[in-house]
Amino acid sequence: MGFVTELDLKFFPDEAFESIHGLSSPERIAVSVRNCLRLLMMGYTVEWHELVIPEVFRAVFVERNPHFLKWMRQEFQHGFNYLLKQLQFIAPLEKNHLAQIDLYMSNCLSYFPFADPSPYESITIPQFIDQTWQGIEYKIKPIELTNGAHHETDRVFAYGLEPLFFTKAKSHLIFMGTTYPAGQGFLTQIQNNFKGFESVGKDLYRTGRNKIHTWLEQQSDAVHVCGTSLGGALSLLLAIDQGNFNLARIDALNPPGLHDAKNKSQFDHWDSLSRKPQVVVQIQGDDPVSTFGIWKSDWTLLRVIPPPEKKGPNGFWDHALNYAGIKGTEITELNPLTENEARKKRNFWLFSMGRLFIYAILKFYASLIRPA
């Protein structure tokens, strides 16, 4: 796989940020949510500093704001609706078009858990069925990955999306990436990120494994799995553990690779699987997270480079943004074995030893400082 994207997929009709000047506080929150999704889904812009307002700062760093999250879920729906309108008018639909759409849609879905999806709401998502694009309504099933969290805010969830009416539609399983400091499960996720000498997210996968397995058994068709960052790592752990469990495809956006251990993980059955799903890993620009860990030799590893004006100024932005929908983005395939060879020293000193040191500090805080 290697091509330059030809479609300009937009999450909203207008790329420019909406002004918040003169608006009341609730209106500022609604506009800021749309602007935030513009930034995530449509590429970097110098207007991002307009998001630095007290309401957004408080919702991201201090405490969860139900109104902020409700607006985010509504704007996700508006974005998927607008995307469906665009897809229905793309003709003829060529192979590279479908490849780009698959990457972009998976990335959009990977961000959806940050809106705290509710089991009391549904979400309509575009899907290509019977040679046409259709809006498929899904019910949302939270799947808790934690077990016995001491604080309600420490619980971490994956989300199963099950089609409500259309039996031909695929189900989706979305693993949540590391959230913002005020988000659900932040401390638990951070600890899972930095536990040295094992794959990122392995503790969460271990405690949630049976619940994931139960949900997968209930699905009538092959399931699409996706996630970003930590969520991508969890998607990869599912692939190597239960890849022959009727999984249609695994999409991981900017994930860390697997831990390079001499003794294979108890969950790593990849080499012995009789049937394997397609695993597609996206490494965007100078993303720092996906420079660690190793990849399986038969995974599809893609480097995603957007046009210069849409690319973030550093690796932090490359990790956070969704570049796959931007016209003119270069997508090239990398050799997993070559990548693995180039990162051996980095994996030992930073991915193993460095994470172990940070984990000890986090454990000290969580066990002693935080309770006090």
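Helices and strands here are DSSP runs, numbered from the N terminus. With that numbering, asparagine 246 falls in the loop between helix H7 (230-242) and strand E7 (247-253). The model is predicted. Keep it open and start at this loop.

**Stop 1: two positive phi values**

Select asparagine 246. Its phi is near 55°, a positive value in a residue other than glycine. Most residues other than glycine have a negative phi. Asparagine 246 is partly exposed, with a relative accessible area of 31%.

Now select phenylalanine 197. This residue sits in the loop between helix H5 (186-193) and helix H6 (202-217). Phenylalanine 197 is not a glycine either, yet its phi is positive, at about 65°. Its relative accessible area is 41%, so it counts as partly exposed.

**Stop 2: a nonpolar surface patch**

Stay on phenylalanine 197 and add Phe348, Trp349, Leu350, Met353 and Leu356. Together with Phe197 these residues form a nonpolar patch on the surface. The accessible area of the patch is about 600 Å². Phenylalanine 348 belongs to helix H10 (residues 344-369). With a relative accessible area of 39%, phenylalanine 348 is partly exposed.

**Stop 3: helix H5**

Go to H5. Is this helix enclosed or open? Seven of its eight residues are buried, so H5 is largely enclosed by the rest of the structure. The buried residues are Leu187, Thr188, Gln189, Ile190, Gln191, Asn192 and Asn193. Show the neighbors next: H6, H7 and H10 are among the elements that cover these buried residues.

**Stop 4: salt bridges of H6**

Select arginine 206 and aspartate 203. Both are in helix H6, three residues apart, or about one turn of the helix. They form a salt bridge, and the closest N and O atoms are 2.5 Å apart. Arginine 206 is partly exposed, at a relative accessible area of 34%. Aspartate 203 also counts as partly exposed, at 21% relative accessibility. The cut-off explains that call: buried means under 20%.

Move along to arginine 209. Which residue does it pair with? Its salt-bridge partner is aspartate 241, with the closest N and O atoms 2.6 Å apart. This pair links distant parts of the chain, from arginine 209 in helix H6 to aspartate 241 in helix H7, 32 residues apart. The two ends have their own settings. Arginine 209 is partly exposed, with a relative accessible area of 27%. Aspartate 241 counts as buried, at 5% relative accessibility.

**Stop 5: a salt-bridge network**

Select Asp8, Lys10, Glu15 and Lys310. Salt bridges link these four residues in a network. Zoom in on one pair. Lysine 10 bridges to aspartate 8, and their closest N and O atoms are 3.3 Å apart. Lysine 10 counts as buried, at 17% relative accessibility. Aspartate 8 counts as partly exposed, at 36%. For the wider picture, a search of the whole structure finds 26 salt bridges.

**Stop 6: the H3 and H4 pair**

Select helix H3 (residues 66-87) and helix H4 (residues 95-111). How do they pack? Their axes are 11 Å apart, at an angle of about 170°. H3 and H4 are therefore roughly antiparallel to each other. Angles over 145 degrees count that way.

Show the side chains where they meet. From H3 come Phe76, Phe80, Leu83 and Leu87. From H4 come Ile101, Tyr104, Met105, Cys108, Leu109 and Tyr111.

Then follow the chain from one helix to the other. Proline 92 is found in the loop between H3 and H4. A cis peptide bond joins alanine 91 to proline 92, with omega about -10°. Most peptide bonds are trans.

**Stop 7: leucine 321**

Tyr111 leads to the last stop, as one of the residues that leucine 321 touches. Select leucine 321, in the loop between helix H8 (315-320) and strand E10 (330-334). Is leucine 321 buried or exposed? At 1% relative accessibility, leucine 321 counts as buried.

Display its contacts. Leaving aside residues up to four places away in sequence, leucine 321 touches Leu39, Leu40, Gly43, Tyr44, Tyr111 and Gln284. Finish by selecting methionine 42 as well. Leucine 321 and methionine 42 are 279 residues apart in sequence, but 8.0 Å apart in space, C-alpha to C-alpha.

Terms used:
Residues are numbered from 1 along each chain as its sequence is written. This is a predicted model: local features need pLDDT of at least 70, side-chain atom pairs count only at pLDDT 80 or more; totals for chains, interfaces and linings use all residues. Side-chain values use heavy atoms; hydrogens and water are left out. Patches are made of residues with over 30% relative accessible area and no salt bridge: like charges are joined within 9 Å, nonpolar side chains (Val, Leu, Ile, Met, Phe, Trp, Tyr) within 5 Å. Accessible areas come from the Shrake-Rupley method with a 1.4 Å probe; for residues, only the protein chains shown count as cover. A salt bridge is a side-chain nitrogen of Lys or Arg within 4 Å of a carboxyl oxygen of Asp or Glu. Helices (H or I, at least four residues) and strands (E, at least two) are DSSP runs, numbered from the N terminus. Buried means under 20% relative accessible area, exposed over 50%, partly exposed in between (1.4 Å probe, protein chains only). Axes are lines fitted to C-alpha atoms, for helices over the stretch in contact, and angles run from 0 to 180 degrees between N-to-C directions. Angles under 35 degrees count as roughly parallel, over 145 as roughly antiparallel, 65 to 115 as roughly perpendicular and the rest as oblique. Contact means heavy atoms within 4.5 Å.
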